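Colleague: Could you take a close look at one part of this model for me? I'd like to hear about the second largest pocket, and then whatever you have on the aromatic rings.

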Amino acid sequence: MKNVDVTALGELLIDFTQNGASQQGNPMFEANPGGAPCNVLAMLAKLGHATAFIGKVGNDSFGVQLKAAIQEVGIRADYLYMDEEVHTTLALVHTLADGDRNFSFYRDPGADMMLSEEEIPGELIADSRIFHFGTLSMTHEGVREATKKALKLAREAGAVISFDPNLRPPLWKSLEEAREQILYGLGYCDILKISDNEIQWLTGQEDYTEGVKWIRKRYQIPLILVSMGKEGSRAYYKDEMVEVAPFLQENTIETTGAGDTFCGCVLHYVLEHGLEELTAEGLTEMLTFANSAASLVTTRKGALRVMPEGEEVLENIKRHS
């Protein structure tokens, strides 16, 4: 019996999100805790799961704030390391008129890149039902080796491996290198959550179903989820394809964390039902819950500390049905 439902590895950083303007008309930024892997864990913790994080922040005021934030939402922080020399990674999130966003990163280097192979806790990974990762921990050599070691340990331990590429082009030396590392991740995962523009870029296929076929021809991934923003989401499982419409909110502020919330809800469903015998009905239920939760996060600033309760997600479904 494993004691941890989901362990995630990757970046934990400060998302500076725009929050109004000063009296002088200067943009004001709020220091929100962020980083995709911990956002996923925060949603899972809200749904009652035991979660743990592996990563690194600076031993500075932002690092201390981040450690407190993940502990506050119920994520185990025993393997959140504090770097004495390198500062916590920062991201400035510029929100566009349609709620989408651009990122500027302060990470040359940032503490999240400093995680080393020696710091990977084999016992924690062996005690986890699901291991989740992205590609921000694969942009530079040292942390890339750490990620690859964790993946090997997760596979040896029989964990279900979940992957969200979460492509951030400014962080890569080249898109060719990004592509190479994403393909490496595809070779390990059982669950892939990929966005509409990522699957088109990766596979060269405009049509998402053709993109999934391209991936499946090369990798055996039982469950592939395509998040399509305002168009909803799809799940591809064996020969099934299920699509569920989005829950559009009138008071959407920004989309930061929506994909991570969605991913957390998918992992919640897999923890409860396994990956073996999913049905079209079950996949529809899973996507409906995940789309509903993701829509609620778009009405809030930040993500990690404002994940919706399970009851809220269900009420939102009822309201829209």
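Modeller: Sure, and keep in mind that this is a predicted model. Let's start with what lines the second largest pocket: α8 gives the most to that lining, with five residues. Together with α8 (258–273), the elements that give two or more residues there are α9 (280–297) and α10 (310–320). The lining comes to 13 residues, and the ones nearest the pocket's centre are His268, Tyr269, Glu272, Glu285 and Phe289. Sorted by class, you get seven nonpolar, four polar and two charged residues around the second largest pocket. Its volume is about 180 Å³.

Now for the rings. The count of aromatic pairs is five. Take phenylalanine 131 and phenylalanine 133: their ring centres are 6.3 Å apart and their planes are at 20°, so this pair counts as stacked. Phenylalanine 133 also pairs with phenylalanine 163, again stacked, at 4.4 Å centre to centre with 10° between the planes. Phenylalanine 133 belongs to strand β8 (residues 128–133) and phenylalanine 163 to strand β9 (residues 160–163), so their pair ties together parts that are 30 residues apart in sequence. Put together, Phe131, Phe133 and Phe163 make one aromatic cluster. As for burial, phenylalanine 131 and phenylalanine 133 are both buried, and phenylalanine 163 is buried too.

Two rings also have a charge over them. Arginine 155 places its charged end over the ring of tyrosine 188, 4.2 Å from the ring centre. Likewise, the charged end of arginine 218 sits over the ring of tryptophan 214, 3.8 Å from its centre.

Technical notes. Residues numbered from 1 in each chain as written. Predicted model: local features only at pLDDT ≥ 70, side-chain atom pairs only at ≥ 80, totals over all residues. Heavy atoms only, no water. 1 Å grid on protein atoms, 1.4 Å probe; cavity = no way out; pocket = protein on both sides within 12 Å on 5 of 7 lines; lining within 4 Å. Points joined across faces, edges and corners; volume = space filled by probe spheres on them. Helix = DSSP H or I, 4+ residues; strand = E, 2+ residues; numbered from the N terminus. Nonpolar A, V, L, I, M, F, W, Y, C, P; charged D, E, K, R; others polar. Phe/Tyr/Trp six-rings, centres within 6.5 Å; stacked < 30°, edge-to-face > 60°. Buried < 20%, exposed > 50% of the residue type's maximum accessible area, 1.4 Å probe, protein only. Lys NZ or Arg CZ within 6 Å of the ring centre and 35° of its normal.
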